[in-house]
Amino acid sequence: MLTKTGVPTAQELDRVTPTRHRLEQGPVAIIECFQQIPCNPCFLSCKQGAIQEFSDINDLPVLDDSKCTGCGICIANCPGLAIFVVDYSYSPDEGLVKLPYEFLPVPEIDAQVDALDREGRIAGKGRVVKVQRFKGQERTPVVWLAVPKDLVMSVRNIKVGGQSHAR
Amino acid sequence: MLKTDIAIIGAGPAGLNAAISAAAMGAKVLLLDRDDRAGGQLIKQTHKFFGSRELHASLRGIDIASLLLARVREFDNIDFRLGATVLGYYEDGVITAEYRGNFLKIKADRYVIATGASEKILPFPNNDLPGVYGAGAVQTLTNVYGVLPGKRVIMVGSGNIGLIVSYQLLQAGVQVAGIVEAAPGIGGYLVHAAKIRRAGVPIYTSHTIKEAYGDSSVQGAVIWQLDEKWQPLNGTEKDIEADVICIAVGLTPLTELLWQAGCQMKYVPQLGGHVNLRDENLMTSVPGIYVAGDVSGVEEASAAMLEGKLAGLAAAKSLGYSIENYDELWQQAISQLDGLRSGPAGEKIRSGLKMLVR
């Protein structure tokens, strides 16, 4: 359970995961925000109008994935670093995960890094394709990580240069 | 004797906002803080804030401090003194302060007390070993002075401070061995928890620290599990090596000046301890003394900023100063505060505040 472990459950993730069909069409945001807290920068930052306007600042974000282009601006603006973009259309055998990464060193393009799951376990290897910095949120770089397609839904962090941050 | 319209004690998120609001209405403000830097706890907050755009959401605390300080500097009618430690409140309405080796006597027509809160400590065997820190001290060392507290940390407490400081330690290259939380659930925002979980840090809910150990400084701690009645379970002990134990088990308001001034106080555990009664303008039971921020109930900094605005506006108005859109500004701050406190995360605060409104 999320409140006990800090890791969202499969059911919680199901609620925020677009349909298979939408996922295969191209990049789309996954908002892993499951607790009502007073916060709305995701809505304010989205230029596509894909995140529904909040009637109460404590509302959970609601994504209209037909409007979402997967641009990733919400990734850098979410104070909780809880938004990711996934792209199954990236290549025939690889998918893309765009994730917020506030650690140093920021990985180099083409670097092979450990791809970590939601519990920080190594799920496999990923290749850094791009590091994107959004205006005003330069200190939350968004790392584009190419991973095998079966890891797209589980990889949510990276470990750069074997540097261990925990344990 | 230093005379002013409004003396504001504490230049954190609440005090800075109180100063700006009162000065914008024309009041002569004396802003005092014992620290050498303005911003209170904001300057240690390297993470992005929640809330709304008006409350600087998505900005980091340290950047919010700079914004507020720049705004304070725009006013000629704010006398801002850092390194000024207020020592006491006297019955004739005078406060005294130590300022750069001098003893100051200050008489203001209104006071805004925005002194913040201090950390609670946790009793356990060997909690006096070097290496046992409060989370605020760890943040000050790491984020303000660039000094690492150690190599490997056990965090005690999973409120927002425990979670955020763990994240900041990871960013600074310190290992976090785990977060120990006595309650059955994580106390802070779950997005913060998810962030450190995916960096590989375990969170031990329903666990507490049994004892720390070490010859001359911390070398580790034994933690154990608690049952549903919060009683430790024999045989569940886990030995965790670490050279730092960081205590983040909550804050308690720094209310000494309020007690000295004779404000009516009440024990409200939801707000961190003894806090003052207040009216909707944040005035205490002593006419002319206002409060803002954690001193009147421990909350997030966003709430402190809004309370500062309210107290600053109300204090200036009570002295006859005015601003064209006073009602609008006041109402805006009130509704933003209500918004922050209205969700499930604000339930504890709401129930605590109910006990306090005069």
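Which residue's side chain does a polar contact of 2.8 Å join to that of A:Thr140? The close-up views below take up this question and others in a predicted model, in which local features need pLDDT of at least 70 and side-chain atom pairs count only at pLDDT 80 or more, while totals for chains, interfaces and linings use all residues. Residues are numbered from 1 along each chain as its sequence is written, chains are lettered from A in the order in which they are written, and side-chain values use heavy atoms, with hydrogens and water left out.

**View 1. The surroundings of A:Thr140 in strand 6 of chain A.** Strand 6 covers residues 137–148 of chain A, strands being DSSP runs of E with at least two residues and helices runs of H or I with at least four, both numbered from the N terminus. A:Thr140 has 0% relative accessibility and therefore counts as buried (under 20% relative accessible area, with a 1.4 Å probe and protein chains only). The side chain of A:Thr140 is joined to that of A:Glu102 by a polar contact of 2.8 Å, and to that of B:Lys48 by one of 2.6 Å; such a contact is a pair of N or O atoms within 3.5 Å, where within protein one must be able to donate a hydrogen and the other to accept it, and residues adjacent in sequence count only if both atoms are side-chain atoms. Leaving aside residues up to four places away in sequence, the residues that A:Thr140 touches include A:Ala76, A:Leu81 and B:Arg60.

**View 2. A salt bridge between A:Glu102 and B:Arg60.** The closest N and O atoms of this pair are 2.9 Å apart, the term requiring a side-chain nitrogen of Lys or Arg within 4 Å of a carboxyl oxygen of Asp or Glu. Across the interface of chain B and chain A, 3 salt bridges are found.

**View 3. The meeting of chain B and chain A.** In this interface, 43 residues of chain B are in contact with 42 residues of chain A, contact meaning heavy atoms within 4.5 Å.

**View 4. Strand 15 of chain B and its parallel partners, strand 8 and strand 9.** From strand 15 (residues 244–247), B:Val244 and B:Cys246 point one way and B:Ile245 and B:Ile247 the other, and all are buried. Strand 8 (residues 132–134) is joined to strand 15 by 3 bridges, with B:Tyr133 standing opposite B:Cys246. Strand 9 (residues 152–156) pairs with strand 15 over 4 bridges, pairing needing at least two DSSP bridges, and B:Val153 has B:Val244 as its bridge partner.

Note on methods: Buried < 20%, exposed > 50% of the residue type's maximum accessible area, 1.4 Å probe, protein only.
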